Structure formats: C-alpha cells, structure tokens
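Let's take a walk through this one together, starting with the whole chain and ending at a single residue. Have a look at the model first.

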Amino acid sequence: MNLAELRRRLPPRTLGYLVVGALLAGGFLAMFIIPDYRQAKTMTAEIEHLKATLEVRRQMAPVVQSLAKAQSALPAVGGTEKPAKLPLADVGRLAMVMDELAAPYALRLTRVSPDPASVTRDGLLAVRLGLLGEPDKFREFLLALGRYAPLVRIESVSSVVGREGREYAVKCWLGVQ
C-alpha cells in the first residue's frame with residue numbers, strides 16, 4: 001500500500017490526526033526518552049568506574065593498615081614552637097647563629113647572605129646558605145633548621161659535588177620584625 005492509496009482510503013481528518021500523533025510521539029521521544037537514555041548510559045559508565053575504584057581500595061586495605069601500623073611505630077618529629085620573628089637588629093648575627101646550628105652536624109658554613117633588600121611587607125627576609133658536608137648530616141641539619149623558630153619556609157635546596165666535598169645551597173625565608 002502506497003501513500004496515494006492510503007489517502008484515498010482514509011479521510012483527510014484522520015490522516016491529520018495520525019500525522020499530529022506521530023509528531024507528538026517524536027517530540028516526546030526527543031524531549032524525554034533520548035536524554036534519559038544518554039544520562040543512564042553516562043551513569044552506567046560512572047558506576048563501573050566506581051566499582052573498579054572500590055575493588056582497588058578493597059585490595060589495598062591490608063597495605064594501608066600495615067602502613068598505618070608502621071607509621072604509628074615511627075618516632076614523632078617535633079615541630080617548631082610558636083613562630084618567633086627574628087629582630088632586624090640580629091640579622092648581622094645570622095652567620096653566627098647558622099654556624100652554631102650547623103656545627104653539631106659537622107657541616108662547614110661557607111656562605112650566609114641575608115638580603116636586607118628582600119624584606120617583604122609581610123616581614124620576610126630571604127637568606128641564602130652555603131654548606132659543605134656529608135648528605136646524612138645535611139639531612140639532619142635541615143631537620144634542625146626546620147625547628148628554628150624564625151624559619152617560615154625553605155624555598156630551594158640544591159647540591160653539587162665540589163672539590164672539597166658535597167656542597168649544598170639553601171634558600172630560606174625567615175620572619176623578621
């Protein structure tokens with residue numbers, strides 16, 4: 001049956017109702033069913049991803065527990081007390097203070113260059129340190145430097161093997177008042 005025969009057999013009003021009904025069904029499909037289908041497809045993919053993540057976490061749970069047990073057995077590293085600011089008048093003694101800080105670790109202080117021009121509005125002073133010594137002792141020195149109350153942050157650390165041994169360069173920021 002072709003379109004011409006269909007027109008002949010059905011009245012035009014019925015054909016109009018069929019066309020309007022088909023358009024409404026198509027609009028309903030486009031407005032409600034297709035977006036829900038796409039959303040269901042996205043949610044299915046997300047559920048699969050979450051299932052995989054959950055499975056990995058379930059498999060890693062014993063490892064996490066053993067790491068937590070090992071971490072609890074480690075000694076606590078003491079932090080600094082309340083941050084204290086270095087008086088601006090003591091900047092001249094900074095070489096002596098850093099030398100005293102490095103001496104117990106058999107490190108030789110080769111350079112201390114506080115840059116008074118680098119004092120920021122926040123009261124921070126850039127200090128560059130040069131040291132010579134063993135890597136293990138330098139690590140201990142960094143821990144001691146971390147406990148030094150005026151220290152705000154260590155910006156950079158670099159290491160080079162030189163003629164006299166391993167040389168370290170540290171740039172840190174101290175709070176000054």
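Just 21% of the chain's 177 residues count as buried. Keep in mind that this is a predicted model. The exposed surface comes to about 13,300 Å², and carbon and sulfur atoms supply 61% of that area.

What does the chain follow as its pattern along the sequence? Reading along, you get α-α-α-β-β-α-β-β, which adds up to four helices and four strands. The radius of gyration is 37 Å, well over the 16 Å that the globule rule gives for 177 residues, so the chain is more spread out than a compact globule. You can see the same story in the C-alpha trace, which spans about 110 × 45 × 40 Å along its principal axes.

Contacts and charges add a bit to that picture. Take the contacts with a separation of 6 or more: 58% of them are accounted for by residues 24 or more positions apart. As for the charges, there are 24 positive and 17 negative ones, and their mean positions sit 12 Å apart.

Now on to the strands. E4 (residues 165-175) pairs with E2 (residues 124-132) in the antiparallel sense, over nine bridges. If you'd like a spot to look at in that pairing, find valine 127, whose bridge partner in E4 is cysteine 172. E4 also pairs with E3, again in the antiparallel sense, this time over ten bridges. Here leucine 151 has leucine 174 as its bridge partner in E4. E3 and E4 form a hairpin, with two residues between them. A general point to hold on to while you look: side chains in a regular strand alternate between the two faces of the sheet.

Let's finish at proline 150. Where is its place in the chain? Proline 150 lies in the loop between helix H4 (135-146) and strand E3 (151-162). Is proline 150 buried or exposed? Its relative accessibility is 9%, and buried means under 20%, so proline 150 counts as buried. Setting aside neighbours within four places in sequence, proline 150 is in contact with Ala84, Leu86, Trp173, Leu174 and Gly175. One of these, Leu174, is the residue we met as the bridge partner of leucine 151.

For a sense of the distances involved, try another proline. Proline 11 and proline 150 are 139 residues apart in sequence, and their C-alpha atoms are 95 Å apart in space.

Definitions and conventions: Residues numbered from 1 in each chain as written. Predicted model: local features only at pLDDT ≥ 70, side-chain atom pairs only at ≥ 80, totals over all residues. Heavy atoms only, no water. Rg over C-alpha atoms; globule rule 2.2 N^0.38 Å. Buried < 20%, exposed > 50% of the residue type's maximum accessible area, 1.4 Å probe, protein only. Contact = heavy atoms within 4.5 Å. Areas by Shrake-Rupley, 256 points an atom, 1.4 Å probe, with all protein chains shown as cover. Lys, Arg positive; Asp, Glu negative; His and termini not counted. Charge placed at Lys NZ, Arg CZ, Asp CG, Glu CD. Pairing = 2+ DSSP bridges.
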